[in-house]
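Biologist: I would like to learn how to read a protein model. Could you walk me through it, one feature at a time?

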Amino acid sequence: MADVVLITGASRGIGRATAKLLGARGWSVGINYAQNEHAAQEAVAEVEQAGGKACAIRGNVADESDVMAMFDTVESTFGRINAFVNNAGIVAPSMPLADMSAERLKRVFDVNVLGAYLCAREAARRMSKDRGGNGGSIVNVSSAASRLGSPHEYVDYAGSKGAIDTMTLGLAKELAGQGVRVNAVRPGLIDTEIHASGGRPDRAVLLGAQTPLGRPGTADEVAEAIVWLLSDAASYITGSLLDVSGGR
Ligand code: NAP
């Protein structure tokens, strides 16, 4: 049976690094993205060069019909999924909660919470053995922010990742008898473009120097943890929240 994975937000950053690493292990990878078609096609080429198969699938994780369609597309292209990486996520510009608009809060929670929950639901439906699935593994991409709170930066984002941690704990128990393991990684300060989208492109480099390991992490280092949790090497691990945060 071929290994088939859907990764949300895989056109850039952590999702793309994970796609490439799985490609090197021979996986077929559905590369979801929101808008950046060029980056998504680059990610597809990287997976193929690494030895895997890939297809790019545009879709907004916060839109239920887009979510259904992205799972349908990966399965009609490559076959039944046995892994899902719930990675797409956003931040908004740094500010205290007192200054955040309702529109901003809605956008962050729509993508990071509603989107992640809709995607996890769809993965559960397709992977659970009682529903005709083959079992497998889900990795949710949370954040160290869920335990730090991100004061004066993004307590909305931090709270959205708290929801991911809690969902991981509950869904792991729901799916344990269905042949599906569910875990989360909690990256710390990782040098990707997400910080620029929050208005601070140098945030990971500046703050990373203050972590115990003295530097920001790389997307490749987070990908290693995700791929390990997906693999049979992590066969007795479910409901775990793995910090990939340089000791922060
Ligand atoms: P990134 O470099 O900004 O990449 C974000 C990815 O998500 C892109 O592929 C983007 O697609 C996609 N995306 C954004 N909104 C989407 C939506 N509504 N529907 C579908 N895809 C969407 O981010 P990253 O740093 O790799 O972060 C990945 C995950 O790690 C996020 O959940 C983030 O919260 C988490 N994380 C990151 C860090 C860090 O320091 N970097 C730390 C902790 C946790 P387009 O290319 O089309 O825009």
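Modeller: Gladly! Let us begin with a term: helices and strands here are DSSP runs, of at least four residues for a helix and at least two for a strand, numbered from the N terminus. This is a predicted model, and its protein chain has 9 helices and 7 strands.

Biologist: How does the radius of gyration of the protein chain fit that of a compact globule?

Modeller: The idea is to take the number of residues and ask what a compact globule of that length would give. For 248 residues the expected value is near 18 Å, and the protein chain has 17 Å, which agrees. Along its principal axes, the C-alpha trace spans about 50 × 35 × 35 Å.

Biologist: What percentage of the residues in the protein chain is buried?

Modeller: A residue is called buried when its relative accessible area is under 20%. By that cut-off, 52% of the 248 residues are buried. The accessible surface comes to about 10700 Å², with 52% of that area belonging to carbon and sulfur atoms.

Biologist: What share of the contacts joins residues 24 or more positions apart?

Modeller: Among contacts with a separation of 6 or more, such pairs account for 72%.

Biologist: And how many positive and negative side chains are there?

Modeller: There are 24 positive and 27 negative ones, and the centres of the two sets lie 3 Å apart.

Biologist: Let us go inside. Which residues have the most contacts within the largest nonpolar core?

Modeller: A nonpolar core is a set of buried residues of certain kinds, such as Val, Leu and Ile, joined through side-chain atoms. The largest one here has 31 residues, and Val5, Ile7, Leu22, Val29, Ile31, Val185 and Ile226 have the most contacts inside it. Elements giving two or more residues to this core include strand S1 (4-7), helix H1 (13-24), strand S2 (28-33) and helix H9 (219-230). The largest share, 8 residues, comes from H9. Apart from this core lies another of 29 residues, among them Met70, Val74, Phe84 and Val182.

Biologist: What does valine 29 touch, beyond its neighbours within four places in sequence?

Modeller: Its contacts include Val5, Ile7, Leu22, Val47 and Phe78. Now look at serine 28, which is in strand S2. Serine 28 counts as buried because its relative accessibility is 7%. Leaving out residues up to four places away, serine 28 touches Asp3, Val4, Val5, Lys53 and Phe78.

Biologist: How far apart in space are alanine 88 and asparagine 112?

Modeller: Here we compare the distance in sequence with the distance in space. The two are 24 residues apart in sequence, and their C-alpha atoms are 7.3 Å apart. Alanine 88 lies in the loop between S4 and helix H4 (102-127). Beyond four places in sequence, alanine 88 touches Thr8, Gly9 and Val61.

Biologist: What should I look for in phi angles?

Modeller: Most residues other than glycine have a negative phi, so a positive value is worth a look. Phi of serine 150 is near 50 degrees, and histidine 152 has a phi of about 65 degrees. Serine 150 is in the loop between helix H5 (145-148) and helix H6 (155-175), and histidine 152 is also placed in the loop between H5 and H6.

Biologist: Is histidine 152 buried or exposed?

Modeller: Histidine 152 counts as exposed, because its relative accessibility is 66%. Serine 150, at 8%, counts as buried.

How values were computed: Residues are numbered from 1 along each chain as its sequence is written. This is a predicted model: local features need pLDDT of at least 70, side-chain atom pairs count only at pLDDT 80 or more; totals for chains, interfaces and linings use all residues. Side-chain values use heavy atoms; hydrogens and water are left out. The radius of gyration is taken over C-alpha atoms; the globule rule is 2.2 Å times the number of residues to the power 0.38. Buried means under 20% relative accessible area, exposed over 50%, partly exposed in between (1.4 Å probe, protein chains only). Contact means heavy atoms within 4.5 Å. Accessible areas come from the Shrake-Rupley method with a 1.4 Å probe; for residues, only the protein chains shown count as cover. Lys and Arg count as positive and Asp and Glu as negative; His and the chain ends are not counted. The place of a charge is taken as NZ of Lys, CZ of Arg, CG of Asp or CD of Glu. A nonpolar core is a set of buried Ala, Val, Leu, Ile, Met, Phe, Trp, Tyr and Cys residues joined through side-chain atoms within 4.5 Å.
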